[in-house]
Amino acid sequence: MLNIYVLEDHFIQQNRIEEVIHTILKKNNIKVGDFEIFDKPNQLLESITERGSHQLFFLDIQIKNDTKKGLEVAKQIRKNDPYASIVFFTTHSEYLPLTFQYQLVALDFIDKSLEGEDFQKRVESIILLTCKKIQSQNPEDAFRIENAKTVIQVPFHDILYFETSDIVHKVILYTKEEQIEFYGSLSQIEKSDPRLFKCHKSFLINPENVIKLDKSTGTVYFENGGVCYVSKLKLKKLLERISL
């Protein structure tokens with residue numbers, strides 16, 4: 001389900017954006033999980049508990065007297081979530097090249113000086129595009145982890161492996177784009193999706209992304225340079241699951 005977050009520090013603009021988004025959601029009968037507006041960057045960042053293509057952020061580039069604060073916030077969001085959609089609100093079109101310099105892969109850049117219907121159409125096109133992206137994803141390729149503290153949603157084909165952390169009950173998920181730390185257990189994660197394979201007490205892997213298996217050492221390799229170990233008892237079954 002779509003989540004929408006807005007960072008805007010001007011009260012009048014906050015009201016305007018909120019009204020426009022509510023109108024769009026009602027008009028198109030779109031249900032959202034979260035829709036929140038923030039005027040402080042740290043509040044926005046602290047509120048994010050999910051990752052994935054269902055996350056949509058509208059960020060004002062200039063916050064208070066900091067002309068690039070929105071870009072810094074976007075950089076932090078993008079660092080934690082390569083799948084989220086980011087849109088910038090601003091009256092300073094000269095900042096557009098900076099979005100490329102920051103490598104933010106922004107979905108759009110909306111001029112706040114647009115009025116009435118023109119402004120609403122731009123925002124509406126972004127929301128509809130994001131909804132279409134969510135709906136077009138193959139449900140079988142979606143992988144979701146949810147517990148009391150966090151929700152993570154990533155394309156299954158991007159998953160490389162999970163590894164237990166030195167911290168008790170903490171797991172590290174390695175994907176093609178990033179690594180994500182969260183609390184959980186490999187056994188519970190394995191039960192959530194039969195496509196995963198627990199090859200070792202400390203590793204749970206996605207067999208389809210194994211690029212090399214060294215049977216003599218019981219080691220599997222992934223494109224990110226990651227290495228996982230395979231117990232002797234699991235080696236035969238893993239060979240049946242991969243096609244190298």
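**Exercise 1. The largest pocket**

Task: Find the volume of the largest pocket in this predicted model, then state which residues line the pocket and how the lining divides by class.

Solution:
- Step 1. Start with the volume. The largest pocket holds about 160 Å³.
- Step 2. List the lining. The residues are L45, I48, T49, E50, R51, F57, I77, N80, D81 and T150.
- Step 3. Ask which elements give two or more residues to this lining. They are strand 3 and helix 3 (69–80).
- Step 4. Sort by class. The lining has 4 nonpolar, 3 polar and 3 charged residues.
- Step 5. Recall the principle. A probe the size of a water molecule, rolled over the atoms, shows where empty space is left.

**Exercise 2. The sheet that contains strand 3**

Task: Work out the strand order of the sheet that contains strand 3, and say which strands lie at its edges.

Solution:
- Step 1. Write the order. This open sheet has 3 strands, arranged 3-8-7, and its pairing is mixed.
- Step 2. Mark the edges. Strand 3 (50–51) and strand 7 (142–146) each pair on one side only.
- Step 3. Take the parallel pair. Strand 3 runs parallel to strand 8, with 2 bridges between them. Here E50 stands opposite V151. E50 is also one of the residues lining the largest pocket.
- Step 4. Take the antiparallel pair. Strand 7 and strand 8 (residues 151–155) are joined by 5 bridges. I145 stands opposite I152, and R144 stands opposite Q153.
- Step 5. Look at the connection. Strand 7 and strand 8 form a hairpin, and 4 residues lie between them.

**Exercise 3. The two faces of strand 8**

Task: Decide which residues of strand 8 point each way, and whether they are buried or exposed.

Solution:
- Step 1. Recall the rule. Side chains alternate between the two faces of the sheet in a regular strand.
- Step 2. Apply it. V151, Q153 and P155 point one way from strand 8, while I152 and V154 point the other way.
- Step 3. Check the burial. Buried means under 20% relative accessible area. In strand 8, 5 of its 5 residues are buried.

**Exercise 4. The five-stranded sheet**

Task: Trace the order of the sheet of 5 strands, then find what packs on it.

Solution:
- Step 1. Read across. The order is 11-10-9-13-12; the sheet is open and its pairing is antiparallel.
- Step 2. Name the edges. Strand 11 (179–183) and strand 12 (197–200) each pair on one side only.
- Step 3. Add the twist. From one strand to the next it averages 25°.
- Step 4. Pick one pair. Strand 12 and strand 13 (residues 203–205) are antiparallel, with 3 bridges. H200 has F203 of strand 13 as its bridge partner.
- Step 5. Place the helix. Helix 7 (residues 232–241) packs on the sheet and touches strand 12 and strand 13. The direction of helix 7 makes about 140° with that of strand 12.

**Exercise 5. Three loop residues**

Task: Locate D193, N29 and H169, and decide for each whether it is buried or exposed.

Solution:
- Step 1. Place D193. It sits in the loop between helix 6 (186–192) and strand 12.
- Step 2. Judge its cover. D193 has a relative accessible area of 7%, so it is buried.
- Step 3. Find its contacts. Leaving out residues up to four places away in sequence, D193 touches F143 and F156.
- Step 4. Turn to N29. This residue is in the loop between helix 1 (11–27) and strand 2 (32–38). Its relative accessible area is 64%, so N29 is exposed. N29 is not a glycine, yet its phi is positive, at about 50°.
- Step 5. Finish with H169. It lies in the loop between strand 9 (159–164) and strand 10 (170–175). H169 is exposed because its relative accessible area is 60%. Its phi is positive too, near 70°, and H169 is a residue other than glycine.

**Exercise 6. The whole chain**

Task: Describe the protein by its secondary structure, its box, its burial and its contacts.

Solution:
- Step 1. Count the elements. The protein has 7 helices and 16 strands.
- Step 2. Give the box. Along the principal axes, the C-alpha atoms fill roughly 65 × 35 × 30 Å.
- Step 3. State the burial. Of the 244 residues, 47% are buried.
- Step 4. Consider contacts between residues at least 6 apart in sequence. Among these, 57% join residues at least 24 apart.

Key: Residues numbered from 1 in each chain as written. Predicted model: local features only at pLDDT ≥ 70, side-chain atom pairs only at ≥ 80, totals over all residues. Heavy atoms only, no water. Pairing = 2+ DSSP bridges. Axes fitted to C-alpha atoms, helices over the stretch in contact; angles between N-to-C directions. Contact = heavy atoms within 4.5 Å. 1 Å grid on protein atoms, 1.4 Å probe; cavity = no way out; pocket = protein on both sides within 12 Å on 5 of 7 lines; lining within 4 Å. Points joined across faces, edges and corners; volume = space filled by probe spheres on them. Nonpolar A, V, L, I, M, F, W, Y, C, P; charged D, E, K, R; others polar. Buried < 20%, exposed > 50% of the residue type's maximum accessible area, 1.4 Å probe, protein only.
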